[in-house]
Amino acid sequence: MRTTRRGFLIGASVAAWTFGTTRRAEAGGTTDLGAPDLDVRDLDLPGDRALGRRMTLSIPRGLDPTKAPAPLLVLLHGLGETGDERMGAYAWLERYGLATAFARLGRPPVVRTSKRLDFTDEHLRAVNEELARTPFRGFVIACPYTPNVNKTANPKAALDGYTRWIAEVVVPRARREAHVATDVARTALDGCSLGGYVALEVFSRRPETFGAIGVVQTAIGAHRAAGYADRLAAIVTAHGARGVHVETSTTDPFRAANEALSAELTKRNVPHDAVVLPGPHDQPWLREVGTLEMLRWHDRRFRSLSVRNP
């Protein structure tokens, strides 16, 4: 594992829509994928049929409504699950290892689950030493369907509409459904591959909604790195510090673009964390280490806010 530490700072009218229905996670024969750690809820939401009307909400079991509200992370999935709303809403749970990563972090020591060496011995030791010092707390996680905006007639308009849906429907519904913090600092956004690209676009459009942005193997071209760095730098200037996380892997076809994004952020003095882990761009990598490291980063950041604001 190679880790680069870039600093860390905390940094149509939706009003006419009505809130949708709640289901337990049973659609398509799926059982409760989060048991015993997460209460997974399957939610129908109002929205544009072409952009999204469904999400899963994973709530840590035992969340105490009498205590401080939990942070919220919104996760966007990749290209492979854009063809079906149900598949997209369950992508992180069924394909990317979200529930198992949550359980592994909550019940250390973390052990290797794959014969591949995406998780090295050195990395395992470092993770378990940190978890021994500072146990994983967890947070509420919203996983909305993510459309393939590039296949729409007007990608810019699709991104505008999807951003409104995330900021004005997904986040408020998560806050209604669970005991979730309402402040910007404790609301974060992340995405994998295509979802990383969409997350950058959503965050750029509504920076007042999220206190942090993360991307995992984000599917952008290296030539776009400078433009996104400019946008993130402008957000920090206008809205204050934000947490920024860039995660990629050694044989990720988008590695150069992710590293270019980190380099451009550094040029603009935008504090961020960047990490390059062993492995390819695939779902087994996410299940073994990619999702786990993404969750650890957000947990560290949310924890730092608690320390600063007890």
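Reader: What makes Glu 122, Arg 125, Ala 132 and Arg 133 of α4 count as exposed or buried, and where on α4 do they sit?

Author: They are exposed, on the other side of α4 from its buried residues. The cut-off for exposed is over 50% relative accessible area. Bear in mind that this is a predicted model.

Reader: Which residues of α4 are buried?

Author: His 123, Leu 124, Val 127, Asn 128 and Leu 131. Viewed down the axis of α4, these buried residues stay within an arc of 125 degrees, so they line one face of the helix. Residues three or four places apart in an α-helix point the same way, because there are 3.6 residues a turn.

Reader: How do you know what span to expect for α4?

Author: The rule is 1.5 Å times one less than the number of residues. Helix α4 covers residues 121–133, which is 13 residues, and the expected span is 18 Å. From first C-alpha to last, α4 reaches 19 Å, close to that expectation.

Reader: What does the same test give for α8?

Author: Helix α8, residues 255–267, also has 13 residues. Its reach is 18 Å, against 18 Å expected. Six names make up its buried list: Ala 257, Asn 258, Leu 261, Ser 262, Glu 264 and Leu 265. Down the axis of α8 they fall within an arc of 165 degrees, so they too line one face of the helix. Ala 256 and Lys 267, on the other side of α8, are exposed.

Reader: Why is Glu 264 called buried?

Author: Its relative accessible area is 16%. The cut-off is under 20%, so Glu 264 counts as buried.

Reader: What is Glu 264 in contact with, leaving aside its neighbours within four places in sequence?

Author: Ala 225, Ala 226 and Ala 229. Contact here requires heavy atoms within 4.5 Å.

Reader: What makes the phi of Asn 269 worth a mention?

Author: Its phi is near 60 degrees, a positive value in a residue other than glycine. Asn 269 comes just after α8, in the loop between α8 and β10 (272–277). At 68% relative accessibility, over the 50% cut-off, Asn 269 is exposed.

Reader: Is Ser 193 buried or exposed?

Author: Ser 193 is buried: its relative accessibility of 12% is under the 20% cut-off. Ser 193 has a positive phi as well, near 55 degrees. Its place is the loop between β7 (187–192) and α6 (194–205).

Reader: How do you know whether the peptide bond from Pro 108 to Pro 109 is cis or trans?

Author: Omega gives the answer: it is near 10 degrees, and the bond is cis. Pro 109 lies in the loop between α3 (98–106) and α4.

Reader: Why is β6 called mostly covered?

Author: Count the buried residues of β6 (140–144): 5 of 5. Val 140, Ala 142 and Pro 144 point one way, Ile 141 and Cys 143 the other, and all are buried. In a regular strand, side chains alternate between the two faces of the sheet.

Reader: What makes β4 and β6 a pair?

Author: Pairing needs at least two bridges. Between β4 (residues 54–60) and β6 there are 4, and the two strands run antiparallel. One bridge sets Leu 57 against Ala 142 of β6.

Reader: And what makes β5 and β6 a pair?

Author: The same cut-off of at least two bridges applies. Strand β5 (residues 72–76) has 3 bridges to β6, in the parallel sense. Leu 73 has Ile 141 as its partner in β6.

Reader: Which residues touch the most other members of the largest nonpolar core?

Author: Leu 57, Leu 189 and Val 198, out of 49 residues in that core. Helix α5 (residues 155–177) gives the most to it, 9 residues. Apart from this core lies another, of 40 residues, including Tyr 90, Val 275, Trp 285 and Leu 292. Nonpolar side chains tend to be buried together in soluble globular proteins.

Reader: What is Leu 57 in contact with, beyond its neighbours within four places in sequence?

Author: Among its contacts are Val 140, Ile 141 and Ala 142. Others include Val 40, Leu 43, Ala 174 and Ala 178.

Reader: How many residues does the protein chain have, and what share is buried?

Author: The chain has 310 residues, and 56% of them are buried. It holds 9 helices and 10 strands. About 12500 Å² is exposed, with 53% of that from carbon and sulfur atoms.

Methods. Residues numbered from 1 in each chain as written. Predicted model: local features only at pLDDT ≥ 70, side-chain atom pairs only at ≥ 80, totals over all residues. Heavy atoms only, no water. Buried < 20%, exposed > 50% of the residue type's maximum accessible area, 1.4 Å probe, protein only. Arc of directions from axis to C-beta. Core = buried A, V, L, I, M, F, W, Y, C linked by side-chain atoms within 4.5 Å. Areas by Shrake-Rupley, 256 points an atom, 1.4 Å probe, with all protein chains shown as cover.
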